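Dear colleague,

I am passing on a structure for you to look through, and my notes on it follow below. Please open it beside this message and find each residue as you read.

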Amino acid sequence: MRLKRNRLKQYHHRTAVQAKDNEGNSYTEYGEAKPVTAEIWPAGGKLQAEIYGQKLSYIRNCRLDGEYKTQTDEKGRVSYLSGTKLIREGDGICLDVPGESDPDYKIIAIRPYRYLYMELEKL
């Protein structure tokens, strides 16, 4: 199956970075926005309804265009290198907001099929 070019749009990917404030509480910051070309559609179907239940309306499916490589870091975390972008679960995607603002969706699952397939959850 191939991606239809008229369904592809450009979005912005922002890498998640864990930081701590001066009181020791941890929070998530996002790095600079990098453009990605992807096809995005609402989640649906029996399996996703069973997995996400009431949250199904806040879930989107995403398929990235282009080749990717799998990488594992020293802590055992799996990342996917797509061009110059390192993509990992927990990163942010700007779908309905400009790339300069905080992302409105978070990557909750990555499935390495022929294309890099991700599930996104609204923040």
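Before anything else, one definition is needed: a residue is called buried when its relative accessible area is under 20%, exposed when that value is over 50%, and partly exposed in between. Arg-88, with a relative accessibility of 23%, therefore counts as partly exposed. Please keep in mind throughout that this is a predicted model.

**Salt bridges**

Arg-88 is a convenient place to begin, since its side chain meets that of Asp-73 in a salt bridge, with 3.9 Å from N to O. Arg-88 sits in the loop between strand E6 (85-87) and strand E7 (92-94), while Asp-73 sits in the loop between strand E4 (69-72) and strand E5 (78-82), so the pair ties together parts that are 15 residues apart in sequence. Asp-73 has a relative accessible area of 22% and is therefore partly exposed as well. In general, side chains of opposite charge can pair when their charged atoms come close.

How many salt bridges does a search of the whole structure find? The search gives 7, and one of them joins the side chains of Arg-7 and Glu-39 at 3.5 Å, N to O. Arg-7 belongs to the segment before E1 and Glu-39 to strand E2, so this pair ties together parts that are 32 residues apart in sequence. The two partners differ in their surroundings, because Arg-7 is partly exposed at 47% relative accessibility, whereas Glu-39 is buried at 7%. Arg-7 and Glu-39 are also linked with Arg-63 in a network of salt bridges.

A further salt bridge brings the side chains of Glu-121 and Lys-55 together at 3.4 Å, N to O. This pair links distant parts of the chain, with Glu-121 in strand E9 and Lys-55 in the loop between H1 and E3, 66 residues apart. Glu-121 counts as buried because its relative accessibility is 18%, while Lys-55 is partly exposed, with a relative accessible area of 40%.

**The segment before E1**

Leu-3 lies in the segment before strand E1 (9-20), and with a relative accessibility of 3% it counts as buried. Leaving aside neighbours within four places in sequence, Leu-3 is in contact with Leu-8, Glu-39, Arg-63, Leu-64, Asp-65 and Tyr-115. The C-alpha atoms of Leu-3 and Thr-15 are separated by 25 Å, although these two residues are 12 residues apart along the chain.

**The nonpolar core**

Which residues have the most contacts inside the largest nonpolar core? This core has 16 residues, and those with the most contacts inside it are Leu-64, Ile-87, Ile-107, Ile-110, Leu-116, Met-118 and Leu-120. The elements that give it two or more residues are E2, strand E3 (59-64), strand E8 (105-112) and E9. If residues up to four places away in sequence are not counted, Ile-87 touches, among others, His-13, Leu-64, Tyr-80, Ile-107, Ile-110, Leu-116 and Met-118.

**Aromatic rings**

The count of aromatic pairs comes to 3. In one of them, the rings of Trp-41 and Tyr-117 have their centres 6.2 Å apart and their planes at 45°, so the pair is tilted. Trp-41 is in strand E2 (residues 26-42) and Tyr-117 in strand E9 (residues 116-122), so that this pair, too, links distant parts of the chain, 76 residues apart. Trp-41 is partly exposed at 26% relative accessible area, but Tyr-117 is buried at 15%. Together with Tyr-113, these two residues form one aromatic cluster.

**Gln-48 and Glu-119**

Gln-48 has its place in helix H1 (residues 46-52) and is buried, with a relative accessible area of 8%. The side chain of Gln-48 reaches the backbone nitrogen of Gly-44 at 3.0 Å. Beyond residues up to four places away in sequence, Gln-48 touches Ala-43, Gly-53, Leu-56, Asn-61, Tyr-117 and Glu-119.

Glu-119 is found in strand E9, and its relative accessible area of 3% makes it buried. On the same basis of leaving out residues up to four places away, the residues that Glu-119 touches include Gln-48, Tyr-52, Arg-60, Asn-61, Lys-106 and Arg-111.

With best wishes

Conventions: Residues numbered from 1 in each chain as written. Predicted model: local features only at pLDDT ≥ 70, side-chain atom pairs only at ≥ 80, totals over all residues. Heavy atoms only, no water. Helix = DSSP H or I, 4+ residues; strand = E, 2+ residues; numbered from the N terminus. Buried < 20%, exposed > 50% of the residue type's maximum accessible area, 1.4 Å probe, protein only. Polar contact = N/O pair within 3.5 Å; in protein donor to acceptor, adjacent residues only side chain to side chain. Contact = heavy atoms within 4.5 Å. Phe/Tyr/Trp six-rings, centres within 6.5 Å; stacked < 30°, edge-to-face > 60°. Core = buried A, V, L, I, M, F, W, Y, C linked by side-chain atoms within 4.5 Å. Salt bridge = Lys/Arg side-chain N within 4 Å of Asp/Glu carboxyl O.
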